[in-house]
Amino acid sequence: MTPQTTGAACGLLAAFLFGVSVPLIKLLSPGLSPLLLAGLLYSGAGLFVTGCEWVKRRYGIAASREVPFRRTDRPLLIGMACFGGVIGPLLLLSGLQRLSGTLASLLLNLEAPFTMFLAVGLFRGHITRQEVTGVFLILLGAGLVGYMPFGAWGDPIGVLALTGATLCWALDNDLSQRLSSLRDPLAVTRIKALSAGLVMITMALVARVPWPDVPTVCALLALGAVSYGLSFALDAYALRLVGAAREAAYFATAPFVGALASILLLGERWGRQEGLIALLMVVGVLLLVCARHAHLHTHEVAEHDHLHGDDDRHHDHHEVVVEGLHAHQHRHRSVTHDHPHVSDLHHRHPHT
């Protein structure tokens, strides 16, 4: 498969695993503190990814030759842990306690447009007119949620909490994409998950938050391992392969998975307004996923180190052919060409 196809597969599978977690969390979390709940989920994720890294090193998988972290990576790691690992999950779980699983899932669609806005405005990403239209439809659907007669479905504070969570994860996506392009995505996920889990469980212990029974703790750790650990690791690979803006489009399928799972697991029903919101967001997501970006562009001279192969487009810097994936300090010459591309490591250039 091409890198774009692999990235799409990773992003869609990550979205499915995360989307299913929304109704499952509501089933497991009645009466639990969001602080402890998030801590257990992220601890499970961190332990799972740590196990994956051990297997990778134990069996000498090629990706174990990834470039190690540098001191200059610390600001990105701290930002990811704070926004994506602590603030975002706490807002999500607080909002879940105030909203139905269906509405909470649909509101998670805001992560895609927020990620794109930040990618374009702060990180030299790019989106097409088709993608702008898709973003507008998603935002329109989210706006309709704000005008719903909440009743038993939830309240405006829950909407604000979920909106804040998606904004935090949007920033986390853009920061993660910068780091996952150069470093091992599994290591990036491990550091974020374990640090966030440790911080939140420590805070819960200090606050003397009551713990659930042992089966519930085990269930939350297992859910965190799959729906957070495996999902976030796959998402990190998608960020590397297709860029933050396109990854957000693929991950935007997660809310629909969560909304449908809420019907099956929580017995929730959709009315006309929920159906209209879902329709607007489905069309918006399809526009994002089907968008294609190609134009004549120039690569500036750049020097960096990261795991790469020897494709003839961006890594033709060897005098002799080097087979397989490898990592070393290498220099990209300036080149101008035209081909379909995304906002990955080698395509952060200005667009007019």
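A disulfide here is a pair of cysteine sulfur atoms within 2.5 Å. With that in mind, welcome to the tour of this predicted model.

**Stop 1: the cysteines**

How many disulfides does the structure hold? The count is zero. To see two cysteines for yourself, select C82 and C218. C82 is partly exposed, at 37% relative accessibility, and C218 is partly exposed as well, at 44%.

**Stop 2: the whole chain**

Now zoom out and show the chain as a cartoon. You should find 11 helices and four strands. Of the 352 residues, 55% are buried. Switch on a surface if you like: the accessible surface comes to about 15800 Å², and carbon and sulfur atoms account for 66% of that. The chain also brings together parts that are distant in sequence: among contacts with a separation of 6 or more, 86% are between residues 24 or more positions apart.

**Stop 3: the largest nonpolar core**

Hide the surface and select F18, I25, L41, Y42, L92 and Y228. These are the residues with the most contacts inside the largest nonpolar core, which has 53 residues. Which helices each supply at least two residues of this core? They are helix 1, helix 2, helix 3, helix 4 (101-107), helix 5 (111-122), helix 7 (156-180), helix 8 (185-206) and helix 9 (214-251).

Center the view on I25 next. Leaving out residues up to four places away in sequence, I25 touches L37, L41, L93, L96, L223 and Y228. Showing these side chains as sticks gives you a good view of one piece of the core.

There is a second, separate core too, with 11 residues. To find it, select I138, A252, F256 and I277, which are included in that core.

**Stop 4: around the end of helix 1**

Follow helix 1 (residues 3-28) until you reach L27. L27 has a relative accessible area of 46%, so it counts as partly exposed. Color L27 together with L260, I263, L264 and L265, and a nonpolar surface patch of about 480 Å² appears. Helix 10 (residues 254-266) gives the largest share of this patch, four residues.

A little further along, select P30, in the loop between helix 1 and helix 2. Is P30 buried or exposed? With a relative accessible area of 62%, P30 is exposed. Now add Q97 and draw a distance between the two C-alpha atoms: P30 and Q97 are 8.1 Å apart in space, although 67 residues separate them in sequence.

**Stop 5: a buried aspartate**

Move to D73, in the loop between helix 2 (34-58) and helix 3 (74-96). Although it sits in a loop, D73 has a relative accessibility of 5% and so counts as buried, the cut-off being under 20%. Which residues does D73 contact, apart from its neighbours within four places in sequence? Select L179 and R183 to see them.

**Stop 6: two salt bridges**

Side chains of opposite charge can pair when their charged atoms come close. In this model the count comes to two salt bridges.

For one of them, select R190 and E53, whose side chains meet at 2.2 Å, N to O. R190 is in helix 8 and E53 in helix 2, so this pair links distant parts of the chain, 137 residues apart. The two partners differ in how much they are covered: R190 is partly exposed at 25% relative accessibility, whereas E53 is buried at 5%.

For the other, select D172 and K192, whose side chains meet at 2.9 Å, N to O. Because D172 lies in helix 7 and K192 in helix 8, this pair ties together parts that are 20 residues apart in sequence. Both D172 and K192 are buried.

**Stop 7: an unusual backbone angle**

Finish at R208, in the loop between helix 8 and helix 9. Most residues other than glycine have a negative phi. What is the phi of R208, which is not a glycine? R208 has a positive phi of about 55°. You can spot R208 from outside as well, because at 76% relative accessibility it counts as exposed.

Conventions. Residues are numbered from 1 along each chain as its sequence is written. This is a predicted model: local features need pLDDT of at least 70, side-chain atom pairs count only at pLDDT 80 or more; totals for chains, interfaces and linings use all residues. Side-chain values use heavy atoms; hydrogens and water are left out. Buried means under 20% relative accessible area, exposed over 50%, partly exposed in between (1.4 Å probe, protein chains only). Contact means heavy atoms within 4.5 Å. Accessible areas come from the Shrake-Rupley method with a 1.4 Å probe; for residues, only the protein chains shown count as cover. Patches are made of residues with over 30% relative accessible area and no salt bridge: like charges are joined within 9 Å, nonpolar side chains (Val, Leu, Ile, Met, Phe, Trp, Tyr) within 5 Å. A salt bridge is a side-chain nitrogen of Lys or Arg within 4 Å of a carboxyl oxygen of Asp or Glu. A nonpolar core is a set of buried Ala, Val, Leu, Ile, Met, Phe, Trp, Tyr and Cys residues joined through side-chain atoms within 4.5 Å.
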